[in-house]
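Reader: I'm new to this one, so could you take a close look at a single part for me? I'd like to hear about the salt bridges and the setting they sit in.

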Amino acid sequence: MIASHRRLALLAVLLATLMGLSVSACGSDEESSAATREKPELVVSAAASLKTALTRYADRFESATVRLSFAGSDELAAQVRQGIKPDVFAAANTKLPDQLFKEGLVEKPVSFATNELVLAVPADRPKVTSLDDLTGNDVTIAVGAEGVPVGDYTLKVLDGLPQAQSKAILANVRSREPDVGGIVGKLTQGAVEAGFVYRSDVEGAGGKLKAIELPDELKPTVEYGVAIVKGARNPAGAQTFIDGLLDGAGAKALADNGFGAPGTG
Amino acid sequence: MSQARWFPPVLAVALAVALSFLTLPIVAIFVDTGPAELVSSLDDPTAIDALTLSLWTSTVALVIIVVVGTPAAYLLATRRFRARNLLITLIELPLVLPPAVAGIGLLAALGPNGLFGQALDDAGIRVVLTTLSVILALTFVAAPFYLRQAEAAFSALDRSWLDASRTLGAGEATTFVRVAIPAALPGLIAGLALAWGRALGEFGATLMFAGSFRGVTQTVPLAIYERFATDFTAALGLSAVLVAVSAAILMTVKLATHASPARVLTR
């Protein structure tokens, strides 16, 4: 009897602690959630590489409470094809939004940012210092999987190299990641010595990574396309969101995070 | 007793809801996949590579789990000591961990920048992004399923059998091998099946710790995820194959466990 009482008391203490923790964790959000209660919701599916920039933009977005979902652009496009309808679809290329537009699944896309494909290496004692080092023995590389924009851009770069070199580089690839976040993670964890990512990813890695610029003639045009999804619940909010990406708080957040203005890639 | 009248239908409705919710996605996979697509999904060499890799890495993981886990579970089940409950809780912890946490933990322990990264590097062993890392990830997430079940199976044994074996002059090791294991076999096999199913389905920890590379680290769940974006039909086909393999494992086990402990003993 005493034992079971004691157990109950212990359980109560545990629960109280947990609740206390969760309340204190939410505390900071309380004011903003009270203010946003009457705001409509806006669901944005975006390429993994947009994470830092769009999260910052969403925090300042005023006319709706933005819910963000990040993944490889191709995964998000596949979700739209399966009937999952966000309000806005933002991809790391213009190909996927154009395809969805042709399939009648999104409104006419616009390009809203450019990025640059770079070779990323750890900032601290990198083993790879140039594109030529990628063919060395014991060099390990992570790239995006085929079909993921970052993977397709990478393949394009490798296609521009002499065949022997691109073959040797591909032989050193150890992982084909489903989104750019996976490549950055493998790099910062030291699991690979080099990876092809966007310049914005290197800038977002908090000094852990260093970018090696690719030769101009190899650089692919990395242009980001965005579109309102047909059947969106909040099309007006979606339009405002996209307008802000082109000119306003969104454009500023993009520029702050290493993206270029559209049409400059 | 008006209670008696409404209670049974409530139970039946609950079971019906549970059953339809749990079987619906599986039924949908097979309804959406025609037999032709199922066969053609197996025609694809990347699918075969993924299946082969999944089968052999999970088998190796299972062998490790059984060889180490069976005696470990026996110790936990047959001895009473102070830290026993703590040990069992620690062993069960990976059961409730999200796979992403398992992946991060494995990286933090065995990754190049992890606790033992330098030591492994000095020894010339590269773990991350290799088939070895797949096996480690599978072992980590699947082992608790076996350990838990094996511990329960050994605990449920009639102690007098083990005592009798010892009184008849058999040593502890002989008792373990000749009496305890055969008697606990159905429980051990059930644990094995759960662990195998978990290993075959592992996704998150593998992606984080082992990456995704055809023939080396791309197991079936990773291949399904990759196809989801490019070819939904092929993803469905491969999913159907994984459902079939997992169901086959579960069925085998159900049949095997129909043999009661007593019958196993007298065989």
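Author: Here is a walk through the salt bridges, followed by a look at chain B.

First, some ground rules: this is a predicted model, where local features need pLDDT of at least 70, side-chain atom pairs count only at pLDDT 80 or more, and totals for chains, interfaces and linings use all residues. Residues are numbered from 1 along each chain as its sequence is written, chains are lettered from A and ligands numbered from 1 in the order in which they are written, and side-chain values use heavy atoms, with hydrogens and water left out.

Searching the whole structure turns up 20 salt bridges over all chains; a salt bridge here is a side-chain nitrogen of Lys or Arg within 4 Å of a carboxyl oxygen of Asp or Glu. Side chains of opposite charge can pair when their charged atoms come close.

Let's start with B:Glu151 and B:Arg84, whose closest N and O atoms are 2.8 Å apart in a salt bridge. B:Glu151 sits in helix H7 (residues 131-155) of chain B and B:Arg84 in helix H4 (residues 84-96) of chain B, so the pair ties together parts that are 67 residues apart in sequence. Helices are DSSP runs (H or I, at least four residues) and strands are too (E, at least two), numbered from the N terminus. Both B:Glu151 and B:Arg84 are buried; buried means under 20% relative accessible area, exposed over 50%, and partly exposed in between (1.4 Å probe, protein chains only).

Over in chain A, A:Lys252 forms a salt bridge with A:Asp256, at 3.0 Å between the closest N and O atoms. Both lie in helix H11 (residues 249-256) of chain A, four residues apart, about one turn of the helix. A:Lys252 is exposed at 51% relative accessibility, while A:Asp256 is partly exposed at 43%. Another pair is A:Arg125 with A:Asp124, at 3.8 Å, N to O. There, A:Arg125 is exposed at 75% relative accessibility, and A:Asp124 is exposed too, with 54%.

Back to chain B, home of the B:Glu151 and B:Arg84 pair. Chain B has 13 helices and zero strands, and its C-alpha trace spans about 70 × 65 × 40 Å along its principal axes. Of its 267 residues, 39% count as buried. Take contacts (heavy atoms within 4.5 Å) in chain B between residues at least 6 apart in sequence: 75% of them join residues at least 24 apart.
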